[in-house]
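User: I'd like to learn how to read a model like this one, feature by feature. Can you walk me through it?

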Amino acid sequence: DASLALKAIARNTPLKSALLQTPAVYAALWPAARRFITGETRKAGIETAKTLTSLGYGIFLAYAGENTGTEQACQAAMEELLALSQAVETASLPKETTISFDLSHIGLSVSQRLARDHFFRLVQETKERGICLMVDMEESDKLEAILEVYQQGAAHYPHVGITLAAHLYRTEQDLEALMHLPGKIRLVKGAYQEPEERAMKRGEALDERFLSLIERAVSAQHPLSIATHDQHLLQELERRKWLAAPQVEVEMLYGVRPDLLKQMKQAGYQTRLYLPYGTEWYLYLCHRLAEYPPNIYQALADCVQP
Ligand code: FDA
């Protein structure tokens, strides 16, 4: 289907290089990406964060990128994240402003040791600056390694959270284990295509599962970010009064359902926006198109507009 085809295209590195090195293709795709990416520079991310903070939203900033293949490139990504944490401080963004990142962006695709060393450094630097961190969740093949690095590096740090994907069957156990640590948990449905023995597909059963995971974290009063654009699900959470809990927030991606997030904010709930920036926006764009194929038509319209 369209979603599978898009994910395959997104992962095809030679195709990606060929596409992005063709100026006409790059210029055509960028308007579609602009809907979901604040800009290519850190400055663009910070400026958007300032504007949205002044409107009352909490912020997650993300430097787009994953699966970095060399130690040198991981080091460069680390430098950018450290510069970002400094920029958040300099811009006087609120203390709960969070930097969200993939461990494979800063080392996991090279070695677990490199990811751990970089992660430890980030944890220390952000702690000193009073900024928070959130580890994104990646494909299930990397899950064990991500959890290991997180548990080693974040066991005592409430400012460092982790994302769990509800579609994986094992997430119930992972949630139980992670709630012993102080960090925030972000629950998402799951963006990656997974083997059917590991994960369920979108549908009512997944929504039920998502609800029961949320219920577990809410009843344990664990800091929780519910990251979804699913209006029906949010209405159900509202009906059950779970969104009003002080440790719960609703988080959405920049450019996806801003109307719905605004509505949540006006209803008095804590709301957060995930703001990506950077030149590696191609894969991020493919994810957004793949998880909601009607976006493909919008993207085509964006691309052909003069
Ligand atoms: P679902 O996909 O069921 O869609 C419900 C409705 O939401 C749709 O009918 C549509 O109205 C709207 N919608 C959803 N996606 C849309 C889109 N792209 N454009 C327009 N409308 C859309 N995943 C992961 O595997 N690891 C991670 O670390 C993260 N991190 C993350 C952070 C944040 C803040 C969010 C919001 C999401 C993630 N995700 C993620 C992605 C997540 O797993 C999931 O793929 C998307 O949120 C889409 O699923 P929904 O829960 O929104 O619902």
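User: Which strand gives the most to the shell around the ligand?

Analyst: Keep in mind that this is a predicted model. To read a shell, look at what supplies its residues. Here strand 7 gives the most, with 3 residues. Strand 4 (160-165), strand 7 (248-253) and helix 12 (281-291) each supply at least two residues of that shell.

User: Which residues come nearest to the ligand?

Analyst: There are 24 residues around the ligand, and D136, V188, A191, T228 and Y292 come nearest. Sorting the shell by class gives 11 nonpolar, 5 polar and 8 charged residues.

User: What does the UniProt annotation "binding site" cover?

Analyst: A record is something to set beside the model. The UniProt annotation, from an unreviewed entry, covers M137, K189, G190, A191, T228 and H229. A191 and T228 also appear among the residues that come nearest to the ligand.

User: Let's take G190 from that list. Is G190 buried or exposed?

Analyst: For burial, count the neighbours: 20 or more other C-beta atoms within 10 Å makes a residue buried. G190 is buried because 24 other C-beta atoms lie within 10 Å. Its place is in the loop between strand 5 (185-188) and helix 9 (204-219). Leaving aside neighbours within four places in sequence, G190 is in contact with A165, A166, H167, L168 and A199.

User: And why is H229 partly exposed?

Analyst: Same kind of count. H229 has 18 other C-beta atoms within 10 Å, so it is partly exposed. H229 lies in the loop between strand 6 (224-227) and helix 10 (231-239). Not counting residues up to four places away in sequence, H229 touches M252, V256, R257 and L260.

User: Now the core. Which residues in the largest nonpolar core touch the most other members?

Analyst: The general idea is that in soluble globular proteins nonpolar side chains tend to be buried together. In this model the largest nonpolar core has 73 residues, and I59, L61, L81, L187, L273 and L275 touch the most other members. Helix 5 (residues 71-90) provides the largest share of this core, 6 residues.

User: What does L61 touch, not counting residues up to four places away in sequence?

Analyst: L61 touches G45, A49, L84, V88, T97, I99, S100 and L275.

User: Last one: where does UniProt place the feature "domain: Proline dehydrogenase"?

Analyst: The unreviewed UniProt entry places that feature at residues 47-291. Read a stretch like that by its helix and strand content and by its ends. Over residues 47-291 the chain is 45% helix and 17% strand, with the end C-alpha atoms 27 Å apart.

Note on methods:
Residues numbered from 1 in each chain as written. Predicted model: local features only at pLDDT ≥ 70, side-chain atom pairs only at ≥ 80, totals over all residues. Near = placed C-beta within 6 Å. Helix = DSSP H or I, 4+ residues; strand = E, 2+ residues; numbered from the N terminus. Nonpolar A, V, L, I, M, F, W, Y, C, P; charged D, E, K, R; others polar. UniProt positions renumbered as here; feature names shortened; annotations may be inferred. Buried ≥ 20, exposed ≤ 12 C-beta atoms within 10 Å, placed from the backbone. Contact = placed C-beta atoms within 7 Å. Core = buried A, V, L, I, M, F, W, Y, C linked by C-beta atoms within 7 Å.
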